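This report looks at one helix, some charged pairs and a few buried residues. Please keep the sequence and the structure in view while reading.

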Amino acid sequence: MDADTEFKRTCWHSRRGMLELDLVLEPFVQQCYRLLPKQDQQRYQRLLECEDTELFAWFLGRVRPEDEDLALIVDQILSFARSRSAPGSASAVAPE
């Protein structure tokens, strides 16, 4: 599979069943995924295999993934999401 097809597939799989997850994952994949090192891209792919309820809890900061690789990519996504949030605006992720 060529890189463009793989990227489009990743974008499609980043669309979830919850709007809150879409608001976090879709901008990250569009703006950051291609710039990630291969190892982080693989972590992101593993993240997409997780259940929406797990992702939601992780992005809200209720729990941290037990798997350290997943925790690393969750941290990167949260950092990106926080950097996009304007001060005082509502965000789909928990505050730091």
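A residue is called exposed when its relative accessible area is over 50%, buried when that area is under 20%, and partly exposed in between. The model described here is predicted.

**Helix α1**

By the rule for exposure, K8, R9 and W12 are exposed on one side of helix α1. On the other side, F7, T10, C11 and S14 are buried. Seen down the axis of α1, the buried residues fall within an arc of 100°, so they line one face of the helix. A general point about helices helps here: an α-helix has 3.6 residues a turn, so residues three or four places apart point the same way.

What covers the buried residues of α1? The cover includes α2 (19-31) and α3 (38-48). Helix α1 itself runs over residues 3-14, which is 12 residues. From the first C-alpha to the last, α1 reaches 16 Å, close to the 16 Å expected at 1.5 Å a residue.

**Salt bridges**

How many salt bridges does the rule count? The count comes to 10 salt bridges. Three of these pairs are set out below, with the distance between N and O atoms.

| Pair | N to O distance |
|---|---|
| D4 and K8 | 3.3 Å |
| E26 and R15 | 3.9 Å |
| R64 and E68 | 3.5 Å |

The pair D4 and K8 lies within helix α1, with the two residues four apart, about one turn of the helix. D4 has 36% relative accessibility and counts as partly exposed. K8 has 53% and counts as exposed, because exposed means over 50% relative accessible area.

The side chains of E26 and R15 meet in another salt bridge. E26 lies in helix α2 and R15 in the loop between α1 and α2, so this pair ties together parts that are 11 residues apart in sequence. E26 is partly exposed, with a relative accessible area of 27%, and R15 is partly exposed at 49%.

In the salt bridge between R64 and E68, R64 counts as partly exposed at 44% relative accessibility, and E68 counts as partly exposed at 45%. Elsewhere, salt bridges that share partners join D40, R43, R46, D67 and D69 into one network.

**R16 and its surroundings**

Where is R16 found? R16 is in the loop between α1 and α2. Is R16 buried or exposed? At 17% relative accessibility, R16 counts as buried, because buried means under 20%.

Neighbours within four places in sequence are left aside in the next list. R16 is in contact with L21, D22, L25, L48, C50, E51, D52 and L55. One of these residues, E51, is 35 residues from R16 along the chain, and the C-alpha atoms of the two are separated by 9.5 Å. With another, D52, the side chain of R16 makes a polar contact, side chain to side chain, at 2.7 Å.

**Cysteines**

C50, one of the residues in contact with R16, counts as buried at 12% relative accessibility. C32 is also buried, with a relative accessible area of 17%. C11, in helix α1, is buried as well. How many disulfides does the rule count? The count of disulfides comes to zero.

Definitions and conventions
Residues are numbered from 1 along each chain as its sequence is written. This is a predicted model: local features need pLDDT of at least 70, side-chain atom pairs count only at pLDDT 80 or more; totals for chains, interfaces and linings use all residues. Side-chain values use heavy atoms; hydrogens and water are left out. The expected span of a helix is 1.5 Å times one less than its number of residues. Buried means under 20% relative accessible area, exposed over 50%, partly exposed in between (1.4 Å probe, protein chains only). The arc is that of the directions from the helix axis to the C-beta atoms. Contact means heavy atoms within 4.5 Å. A salt bridge is a side-chain nitrogen of Lys or Arg within 4 Å of a carboxyl oxygen of Asp or Glu. A polar contact is a pair of N or O atoms within 3.5 Å; within protein, one must be able to donate a hydrogen and the other to accept it, and residues adjacent in sequence count only if both atoms are side-chain atoms. A disulfide is a pair of cysteine sulfur atoms within 2.5 Å.
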